Amino acid sequence: MATVEWTGSAVRLIDQTKLPDEESYVSCGTSAMVAKAIRNMVVRGAPAIGAAAAYGAVLALGEPDPEAGLAALRGSRPTARDLFWAVDRVTSAADPLEEANAIARESVDACRRIGRLGAALLKKRPRIITICNTGALATVDYGTALGVVRAAQEQGLEPSVLVLETRPRAQGARLTTWELAKLGIPFRLLADGAAGRAFQQGLVDVAIAGADRIAANGDTANKVGTYPLALLAREHGVPFYVAAPVSTVDLETPDGSAIVIEERPAAEVTTFAPAGTPAWNPAFDVTPARLIASIITELGVLQPSNLSALRPAVTR
Ligand code: MRU
């Protein structure tokens, strides 16, 4: 299974709106098609969005109106920092396709390193709670927070996972369960509101989440529901880790209040509600840095207050 793949003239994406019922692929041969696939969450998860947008930018640069294509890509989802980072990298490169390939390649390497560094923080048989999907589907391969789980499994630590359902798009229920089953890692699915009960029952050793954008002070935007998860972890004395590549760290954004939080259609929330029910659907929330034990990046496990250590790597 390849989440994002360049086929020579198009970007091939596994259609995440159809999983787990159907394993099908969408081929995007124009930048507008890529932008639409990102907006509609055919591809989702910050690093996967970044890689798709990188190839989308390659397509845009070969189109009659490159600026319109690039603007559509940049406007597709506002919170994922990797999207903007990838488009900027490709558009300023001498060889855009080679740059997009490098972004995809480096992403896999970064995830494997994040996995290794994160697994080193875990004890034997860790019971891990996580939210959304941060696995191979959310990246080019391997995953970030789920990459840590995967590395733990590979190292014989015998992890088990409590998977939060992740309303309203059910990335946990649909995608994380699908990936963990394939990997043979034990898990149980929980309604989002059951997280508190899980902590009270002593079922959680560690909480690990991904990130869509990490501000310079360590405040972290991730799937809505991450902030309450971090609060629960703090209340119960459980470490809360963020696992993300350096491409998700945005040193130009001083703190969480400056992160643009995407608001998605109300219809995603009103599935079970009477017709016409008014709804509000923020796709992300911001976890304050003080609730985060460490941020696991491919360049090391960092204190949220110490992200400026990444500046040389980020401005390279
Ligand atoms: O709306 P989504 O499914 O794109 O949200 C994804 C997340 O919130 C992930 O935790 C984040 O992008 C990191 S993915 C490795």
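This report walks through a helix, two groups of strands and the cysteines of a predicted model.

## Helix H5 and its neighbours

Let's start with helix H5, which covers residues 96-119 and has 24 residues. From its first C-alpha to its last it reaches 34 Å, close to the 34 Å expected at 1.5 Å a residue.

Many positions are worth finding in your viewer. The buried residues of H5 include Ala100, Ala102, Ile103 and Ala104. Further along the helix, Ser107, Val108, Ala110, Cys111 and Ile114 are also buried, as are Gly115, Gly118 and Ala119.

What do the buried residues of H5 pack against? Their partners are three helices, H2 (46-61), H4 (81-91) and H6 (145-154), together with strand E10 (240-243) and strand E13 (294-297).

## Strand E4 and its partners

Helix H6 turns up again here: with E4 and E5 it makes a right-handed β-α-β unit. Strand E4 spans residues 127-130 and strand E5 residues 160-164, and the two pair in the parallel sense over four bridges. If you would like a residue pair to look for, Thr130 has Val163 in E5 as its bridge partner.

E4 is also joined to strand E7 (residues 206-209) by two bridges, and these strands run parallel. In this pairing, Ile128 stands opposite Val206 of E7.

## The four-stranded sheet

Next comes an open sheet of four strands, in the order E11-E8-E9-E12, with mixed pairing. Its edge strands are E11 (249-250) and E12 (284-287), each of which pairs on one side only.

Strand E9 (residues 220-223) and E12 run antiparallel and are joined by four bridges. Lys223 stands opposite Phe284 in E12. Across E9 and E12 lies helix H9 (residues 226-235), running at about 35° to E12.

## Cysteines without a disulfide

How many disulfides does the structure hold? The count is zero. A disulfide is a covalent bond between the sulfur atoms of two cysteines, so distance is the thing to check.

Why is Cys111 not bonded to Cys132? The closest cysteine sulfur to that of Cys111 is in Cys132, and because the two are 14 Å apart, they are too far for a bond. A disulfide would need the sulfur atoms within 2.5 Å. Seen from the other side, the closest cysteine sulfur to that of Cys132 is the one in Cys111, again at 14 Å.

Are these cysteines buried or exposed? Cys111, one of the buried residues of H5, has a relative accessible area of 1%. Cys132 is buried too, with a relative accessible area of 8%.

Terms used. Residues are numbered from 1 along each chain as its sequence is written. This is a predicted model: local features need pLDDT of at least 70, side-chain atom pairs count only at pLDDT 80 or more; totals for chains, interfaces and linings use all residues. Side-chain values use heavy atoms; hydrogens and water are left out. The expected span of a helix is 1.5 Å times one less than its number of residues. Buried means under 20% relative accessible area, exposed over 50%, partly exposed in between (1.4 Å probe, protein chains only). Contact means heavy atoms within 4.5 Å. Two strands pair if DSSP finds at least two bridges between them. A crossover is right-handed if, with the strands pointing away from the viewer, the path from the first strand over the helix to the second runs clockwise. Axes are lines fitted to C-alpha atoms, for helices over the stretch in contact, and angles run from 0 to 180 degrees between N-to-C directions.
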